[in-house]
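Welcome! Here are some short exercises on strands and helices, each followed by a worked solution. Have your viewer open and try each task before you read on.

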Amino acid sequence: MSRPGFLLSAWPWRSTAYLLTGAVTGAVALVGILTVSTVCGALAVVLVGLPLLVLVALSGIPVAEVERRRLRLIDQSAVSGGHLVPAAPGLWAWLTTRLREQATWRELGYALLFAALLWPVDALAITGGLFFPLSMVSTPLLMATVGDGQTKVLKQWTVTGWPAAFGVAALGLLLMAVCGYLLGVTAGARAALTRLLITSREGELDAKVVELARSRVRLVEAFEAERRRIERDLHDGAQQRLVALTMALGLARLDAPPGPLADQLTKAHEEAVRALAELRELIHGIHPKVLTDYGLQAAVADAADRSVVPVDVDLELPGRPTQAVESAAYFVVCEALANAARHSGADRVRVSGGHHDGRLFLEVRDDGCGGADASAGSGLTGLADRVSVLDGRLALTSPPGGPTLMRVEFPCELTKAADHSA
């Protein structure tokens, strides 16, 4: 409403339509509720109407559904009722579910309030904000057609001359502009009250939490896909060119006669070999190819072989988890092995795990000095965040003097290796 073009937009008309349909719907709801209540009360004398009283309790459901659809005229945000899905099919399961949930009784209270109080407010707003200004604007037309040279404005003041009639019409136009804002305010307040009373705040919060969790999972999947793309580009592009350069320098060194040129070629070849080794380590750290090709079990065994601390691996998986879980689990193990090598002073590390009851679990235990602190910049905080995104749990036990035990769990199902690679 603060925009300059509000009066020329569709919002004043949408506000008018919202209030006008509210007056009509409220009158219909009042007649319907009174009719159902009267019939059920009359039949209750012969005990036939007692079961029908359930219809009175459920009368708020259709009223609230119509109101949620009417809200689209004035409120562009989605509105949910928050009703639960019955646990079983059939009318009885639906009735018991509806009668037990708070949303049904909240909607019944709104329906009674709407039928008794709110729709007269809508009708009064439409009468004062639309019909009265239109009646004033139509004064010259009424004088020219049915007024016989005179007419009454709002059934109160008699207008006998054309200057006065056009003056009233001009005043009506000005009043319509003012009433456009008043109708917008009234419709906005009514829509806010309706949303407050018939929408499920718990349901909206749950929907936002679900969408947030899904967005986090999508971000993780996109991040993993980008890691694999970078690894593939480095492996198939830069690494291959560096291998070709190393071979060319090696052949040139063999063909060069002894002297300064041969020495420079030797140094260049050694630098190229070191650069190739560093690039391979970088590629392996981004996303190891063994993890993509052979799965978590082979990747953990490969990480254990490259560890400076002896590692025993006892990991049995009948299939492969999803790529996001597989990648997160692998980097948890790598971080635990790196921490054991840098900080714990351990002589031996044991990695074990498996899959039971729909959960993948891994344990990394070392016989070091213990005292690991996740807040000391060991990288465990980032791992815990990465695990939590996938609904997993990471637990660390590291008393002073050791041993240190890290346990991580992921809810997931395993698939066959062929399906995973496909």
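**Exercise 1: a strand and its partner**

Strand β4 (residues 349-356) is mostly covered, with six of its eight residues buried; buried means under 20% relative accessible area with a 1.4 Å probe, protein chains only. Strands here are DSSP E runs of at least two residues and helices are H or I runs of at least four, numbered from the N terminus. The model is a predicted one, in which local features need pLDDT of at least 70, side-chain atom pairs count only at pLDDT 80 or more, and totals for chains, interfaces and linings use all residues. Residues are numbered from 1 along each chain as its sequence is written, and side-chain values use heavy atoms, leaving out hydrogens and water.

Task: find in which sense, parallel or antiparallel, strand β3 and β4 pair.

Solution:
- Step 1. Strands pair if DSSP finds at least two bridges between them.
- Step 2. Strand β3 (residues 311-315) and β4 have five bridges, in the parallel sense.
- Step 3. For a spot check, look at D314, which stands opposite S352 in β4.

**Exercise 2: the whole sheet**

Task: work out which strands stand at the edges of the sheet.

Solution:
- Step 1. Write down the order of this open sheet of five strands: β3-β4-β5-β7-β6, with mixed pairing.
- Step 2. β3 and β6 (393-397) each have a single partner strand and stand at the edges, so each has one side without a neighbour in the sheet.
- Step 3. From one strand to the next, the twist averages 10°.
- Step 4. For an antiparallel pair, take strand β5 (residues 359-366) and strand β7 (residues 404-411), joined over eight bridges. F361 has E409 in β7 as its bridge partner.

**Exercise 3: two helices side by side**

Task: describe how helix α12 (residues 323-344) and helix α13 (residues 380-389) pack.

Solution:
- Step 1. Their axes lie 10 Å apart at an angle of about 165°. Axes are lines fitted to C-alpha atoms, for helices over the stretch in contact, and angles run from 0 to 180 degrees between N-to-C directions.
- Step 2. The two helices are therefore roughly antiparallel, a label for angles over 145 degrees.
- Step 3. List the residues in contact (heavy atoms within 4.5 Å): α12 gives S327, A328, F331, V332, E335 and N339, and α13 gives L380, L383, R386 and V387.
- Step 4. α12 also packs on the sheet, touching β3, β4, β5, β6 and β7.

Methods:
Angles under 35 degrees count as roughly parallel, over 145 as roughly antiparallel, 65 to 115 as roughly perpendicular and the rest as oblique. Buried means under 20% relative accessible area, exposed over 50%, partly exposed in between (1.4 Å probe, protein chains only).
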